[in-house]
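Q: Please give me a close look at the contacts between the chains, with a few words afterwards on local detail. I would like each term explained where it is used.

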Number of protein chains: 6
Amino acid sequence: MYDPIEKASVLIEALPYMRKFFGKTFVIKYGGSAMTDPQRKKGVILDIILLKYIGINPILVHGGGPQLTEMLKRLGKKANFVNGLRVTDRETMEVAEMVLAGKVNKDIVALINQNGGKAVGISGKDGQTIMAKQADGNLGLVGEVTEIDTKLLKLLSNEGYIPVISSIGVGEDGETYNINADYVAGQVAAALQAEKLIILTDVRGVWLDKNDPDSFLPVLNRARAQELIEQNIIDGGMIPKVNACLQALDGGVASAHLLDGRPPHSLLLEIFTDGGVGTMITK
Amino acid sequence: MYDPIEKASVLIEALPYMRKFFGKTFVIKYGGSAMTDPQRKKGVILDIILLKYIGINPILVHGGGPQLTEMLKRLGKKANFVNGLRVTDRETMEVAEMVLAGKVNKDIVALINQNGGKAVGISGKDGQTIMAKQADGNLGLVGEVTEIDTKLLKLLSNEGYIPVISSIGVGEDGETYNINADYVAGQVAAALQAEKLIILTDVRGVWLDKNDPDSFLPVLNRARAQELIEQNIIDGGMIPKVNACLQALDGGVASAHLLDGRPPHSLLLEIFTDGGVGTMITK
Amino acid sequence: MYDPIEKASVLIEALPYMRKFFGKTFVIKYGGSAMTDPQRKKGVILDIILLKYIGINPILVHGGGPQLTEMLKRLGKKANFVNGLRVTDRETMEVAEMVLAGKVNKDIVALINQNGGKAVGISGKDGQTIMAKQADGNLGLVGEVTEIDTKLLKLLSNEGYIPVISSIGVGEDGETYNINADYVAGQVAAALQAEKLIILTDVRGVWLDKNDPDSFLPVLNRARAQELIEQNIIDGGMIPKVNACLQALDGGVASAHLLDGRPPHSLLLEIFTDGGVGTMITK
Amino acid sequence: MYDPIEKASVLIEALPYMRKFFGKTFVIKYGGSAMTDPQRKKGVILDIILLKYIGINPILVHGGGPQLTEMLKRLGKKANFVNGLRVTDRETMEVAEMVLAGKVNKDIVALINQNGGKAVGISGKDGQTIMAKQADGNLGLVGEVTEIDTKLLKLLSNEGYIPVISSIGVGEDGETYNINADYVAGQVAAALQAEKLIILTDVRGVWLDKNDPDSFLPVLNRARAQELIEQNIIDGGMIPKVNACLQALDGGVASAHLLDGRPPHSLLLEIFTDGGVGTMITK
Amino acid sequence: MYDPIEKASVLIEALPYMRKFFGKTFVIKYGGSAMTDPQRKKGVILDIILLKYIGINPILVHGGGPQLTEMLKRLGKKANFVNGLRVTDRETMEVAEMVLAGKVNKDIVALINQNGGKAVGISGKDGQTIMAKQADGNLGLVGEVTEIDTKLLKLLSNEGYIPVISSIGVGEDGETYNINADYVAGQVAAALQAEKLIILTDVRGVWLDKNDPDSFLPVLNRARAQELIEQNIIDGGMIPKVNACLQALDGGVASAHLLDGRPPHSLLLEIFTDGGVGTMITK
Amino acid sequence: MYDPIEKASVLIEALPYMRKFFGKTFVIKYGGSAMTDPQRKKGVILDIILLKYIGINPILVHGGGPQLTEMLKRLGKKANFVNGLRVTDRETMEVAEMVLAGKVNKDIVALINQNGGKAVGISGKDGQTIMAKQADGNLGLVGEVTEIDTKLLKLLSNEGYIPVISSIGVGEDGETYNINADYVAGQVAAALQAEKLIILTDVRGVWLDKNDPDSFLPVLNRARAQELIEQNIIDGGMIPKVNACLQALDGGVASAHLLDGRPPHSLLLEIFTDGGVGTMITK
């Protein structure tokens, strides 16, 4: 155990980072085990509240795949596939909206409020924050972002709230769309001209060779990331995450981070240490 | 059909009411058939948007009993009774929150936005707007309001949004409570020092004798309402509604209205005609 | 007579127009019979107050030819002509200012206030809102606008007042000028970057052939209007009105309207119906 | 002539008074020869502009008896008397409003603007600033103040304008009333909680014995003023002026001044010298 | 050395304290070795900057006895005694002002700015923040506070600056006074209705018996503190410090702290641990 | 002596200048005898306070050579020369800062406050207003401005304070630099986009031939000033003053003035007379 004086020194060590990021906006895609395991969940939430207290404006975006899958199962809803891809039919969309906006979102909000922050949860429908359209005719109500209205987010953030956004979008015609939360986070970060986009996931970041721990890439520029996708070195579920990062950078965000949300305080470590713990993608 | 000139006259007839209520807050408990029948739903929503455009600040509170019952049925969830009263166990509460905050709330928000208004939906957890505690140890997670924080509601309303509130409260300990939406509306109206509390329901208001249409009471004062409850003339489901009205009046609201939300534009008629169409309870 | 429900529907029909014009500025040249006939006067005034309540910023400009002629007659003042044109000598100017700024202006202001609006009447001298110079050396104190200072107009309008402007201007040297009210309205609309300039008069608008009712032009673009003037199809007293419209359009106003102010609610009909009732000139 | 250095010293001598009155409101009843003689007029106007530049908020109230008399004469309007008192019939009222709000008011406004100030002229109708009722059934439309709405005055004054008010009031029913300008000034001063009410007139102030110059009273308290009225030492046209002062003091104004507006800069001398030049009435 | 994850935990442990003190004002009397020893100095400064970053408003008050003594020695200025007490003659006062406001104050300001804060240093003369009068005719220009004007302090603090105040006051007549910095801090804390007054010194706080470490008093209420002074248990240089605390408490400050500024981070430890490290005096 | 009426006329004569400079910023380099001779000092201070009261924003910059020389002498500090130029070593710098920021600055502040203004004195360290670097490696801690941060100056000026700035700068590394006050004033004027830079000194301005009073140049443009420097007609101590003026003009200041601060009210005369009394350099 550390003695109090050593603890105080630790606070002081954080000062240069506080100074650097004071008043800046961080869009955090909150997902993976950091959102399902209760202890990890609380850990990440405390990190986020801390950011708010030291003058950073965190904005959370979340999806909720596992919770949705579970609820569909409880409802006995069978998945519907077209060409091997899961189709989001209207019934699935309804359940998805309920689970994301009514359960996952409010759980996060309550957890933040209980631990000393002040959160407000919204879906993309609220204030028409996320306008969307159908992404692919074959996949039903899977959407892609057409426009982000930042007015409500700025209003809440400036008044001391931490906005928590469900990755639900709404079409011009009022149709509800389920959107990949990584992409929503990337677009929100770009629209807000955020300092950082941080995507919490269950892997540490990007490796040249997953079998070689030494090949981990702590920093990566935009061009190199593109290359690695083309060379299939970045592959699978990492592709949309890296693409969301690239979209954010294209939109003016200063840096984008892929981060393993599972180890304690990885969020703070990425922000408050020079080396960081994940992969940072820069312009 | 009316000719355009006659239509314009109708707009002009509304002027004295616009003047009277300009800048005032109306808390509207939205429920009953006006919330389930698609056509009636749209009718009420348009009325509410109109109120916003003419300078009134409408704030909506909704429950969602029928939608919850249906979802519980779909999930095969059996009702649990203690002494003949339905108990809200934790699983029911979870489903209730999803249905109210994730489905009913977002449907209302989307409908408002699609028809030209700007709505933001929140539950009592957001911004810790509705603090609650257990109402009765035997009924599980049925709650009663302990405090309303109006900060978020005022912020949204002043910025041009129509706030839409799910009747979900949160305890000091983070516990989620399901609260009767009439009471929530009454408490919100009192906390905001609203001009009016308007409860939309499926009956016209209060009668001395339900079999005698002539005994309908268009106006009622606080003392008389109390009396009618004691004399069992106001009974059944009307009791909590009238009690919510009385709580609002006690809290400083100028008048409270019980209104049948089913006939077209009953909301506007109650506000924009001298006689009104429901029962108004005054101090 | 219409029943209340039908009346409410009429309010709702106006919603899309309210949405479209919310927060926009309309400069209305108020003149002709709509300003002299008491019943028509009240009709137009109510229409204008309604615009203010639904979030539009109306700004009125008025002249007062008939009232001036009458007062000059009462004073036994003989008209003075040079080359067949009436000269505004200093004495006439003094009477004109009294009649416009002291009588016509205050009558309009009082009528608005009595009917539920809040008006403030100014002449071009107040806050040096209308700077002017001599238009034609032979005509004495007839002026033309050199500059509009919008500060006072915006201040009043933003605080909830309806500004009412007499078409009196003031020179650098302090000289008072009488200016054609149509031109003043056009210049004020341009300076405020108004959404609409609306000129109320005693004819319906522009016809290709005054004897052929079917030749009425509900819409006209800028180039076509110019052409019609050159071809003498627009002639007489309509020329300065159309020119005022063209000046407004040149200055950035979105559309300009010529309207018969005599039929009841023609102002509302022009704004709240798709076809309108007068002639709209667009870019 | 003074050399420049001596002139600069004079500016410096005014500093303690500038400091004392910075940000304070002075209501000035502008009348008498100071309003009709061109040279005196300009002198007083310059004094008022100077007050505005050094951080005082002057607000002018004016009547216009002589100008009205002249116009009535030109119109051949015969005076109508009841019990020896002149009756303000509707026709006289109309002419009075035109002369006051359309001529005298705008002349003052233009003169201020031409000399480097920024004035806005209003009548009591504008923004319903002066609400009034009939003072005496026998005198027709002579009114007395029932309420002053200070909103418009404060708005204009805070934005750098000098408000100039015609002593015209308006009744609940829209009736126009002519009100004694001294009383209007007193009521406006009270409503604004002004620092000073200053009434410019054609006599120096109050004497115990008009034939004895040594009996001039430079300072007078409220009780003494009341006494002098009861003893008929203050009499004639001075009575309403002193009463206006007493009303202002009763309403919270710090001091009220009666002043001869004819000698050059008497306004500045009253404010910027310890002794003053008129009669000051204090609590 | 601690690993990064443990360091992050330390930040998180501070959250409840951040929440508790967010937006509160702490007046800190900065003195003793913490102001003269370079390393300790930097330590305290970093602690103060940290407070600012986490949303607390620190306001510093300093004296400068040792630095003054040294400068007087360099100038060969002999101390002047009356009845055994040192007299602050005008020459000493001049040197004191130079040393405090020109050297000690600017050193602190520069140190804060260099380490990531934004400080503005003022003396009591600036904005007439500290009005004073002679404390004792025999001691020359030693002063006591007569009034604190908080306007400048609030202005600076609200704009993100850390105000640093030299304990110099000014009399009505412009005379400069040297005031005990503990008292200045106490009065400033009272005038600002601060949450805490914290006096940094070279002893740990208050003991019942200085020879018995176990008799240290971590908490003390107002009455008990008074008692201990009367019983001479609090004595010597501790008396003015405790009196300053009592004045602050009397003025509405929530708690006052005596603290040894020498151990690293004692300031943070007092604020961010439940037990604290010094003596806290409460109401 | 002048009679009061003549005095009032003098105030009125200043009106056109008040109008011209209302709301403008004047940066005044205060130095020379106007800062050492008590009577002249008070004269200049009163002039500056007057400027503030009539709506101009004066900002003072001062050095303090003579006071520094005297203090160094009292301390027995020997001057250190390299190549004939005085070197500012660290000890001299310390004394300079004390004298300028702790004595000269606070004396000016107190004098302003005592005479009815509200001043706040800062050094370039406060709010990091003046960032600097070493000007010449041989001269020690003599600095030159690298950046002016106007935030604190605007904040104070807008709140009614007169900022008084010591010509002390601070390096990126925290080093303190002594900077020529004329240059500081020029740079501050440029950074604030001031209307005027006014340098008070002990000579009247610029002559073509110092022995020919008729060759005095009341106005000079930028090119001509440059020429006169090249031709050695402007020489000696006047060169840095003229260069400071040229820097201000290059930075966007409208005019720069060299002025003899010794004659009474020369500051007011330069501003409030058409001819002025010093040399004005224009673009």
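A: Two residues are in contact if their C-beta atoms, placed from the backbone, lie within 7 Å. The model is predicted, so local features need pLDDT of at least 70 and side-chain atom pairs count only at pLDDT 80 or more, while totals for chains, interfaces and linings use all residues. Residues are numbered from 1 along each chain as its sequence is written, and chains are lettered from A and ligands numbered from 1 in the order in which they are written.

Chain B meets chain A through a contact to which chain A brings 30 residues and chain B likewise 30 residues. On the side of chain A that touches chain B, at least two residues each are supplied by helix 6 (90-114), strand 5 (119-123) and helix 7 (151-158) of chain A, where helices (H or I, at least four residues) and strands (E, at least two) are DSSP runs numbered from the N terminus. Helix 6 of chain A has the largest share of this side, namely 13 residues. Sorted by class, the side of chain A that touches chain B holds 13 nonpolar, eight polar and nine charged residues; Ala, Val, Leu, Ile, Met, Phe, Trp, Tyr, Cys and Pro count as nonpolar, Asp, Glu, Lys and Arg as charged, and the others, Gly among them, as polar.

What relates chain A to chain B? A turn of 180° with a shift of 0.0 Å along the axis lays chain A on chain B with an RMSD of 0.0 Å (least squares on the C-alpha atoms of residues with pLDDT of at least 70 in both), and that is the relation of a two-fold axis. Within chain A, the C-alpha nearest the axis belongs to A:Gly102, at 1.8 Å from it. Because 100% of the interface residues of chain A are also interface residues in chain B, the two copies meet through the same surface.

Chain B also has a contact with chain C, which takes 30 residues from chain C and 30 residues from chain B. Here the elements of chain C that give two or more residues to the side touching chain B are helix 1 (4-13), helix 2 (15-21), helix 4 (38-53) and helix 11 (266-272), and helix 1 of chain C gives the most, with 10 residues. The residues of this side of chain C divide into 21 nonpolar, five polar and four charged. By contrast, chain B and chain E do not touch, their nearest C-alpha atoms being 15 Å apart, and chain D and chain E do not touch either, again with their nearest C-alpha atoms 15 Å apart.

As for local detail, chain D contains an open sheet of eight strands in the order 5-8-2-1-11-15-16-14, with mixed pairing, two strands being paired if DSSP finds at least two bridges between them. Strand 5 (119-123) and strand 14 (219-221) of chain D stand at the edges with a single partner strand each, so one side of each is left without a neighbour in the sheet. Strand 14 of chain D runs parallel to strand 16 (residues 279-282) of chain D and is joined to it by three bridges, and D:Asn221 stands opposite D:Thr282 in strand 16 of chain D.

Two glutamines also deserve a look. D:Gln193, although not a glycine, has a positive phi of about 50°, and D:Gln193 is found in the loop between helix 8 (181-191) and strand 11 (196-201) of chain D. E:Gln128, also not a glycine, has a positive phi of about 45° and is placed in the loop between strand 5 (119-123) and strand 6 (130-134) of chain E.
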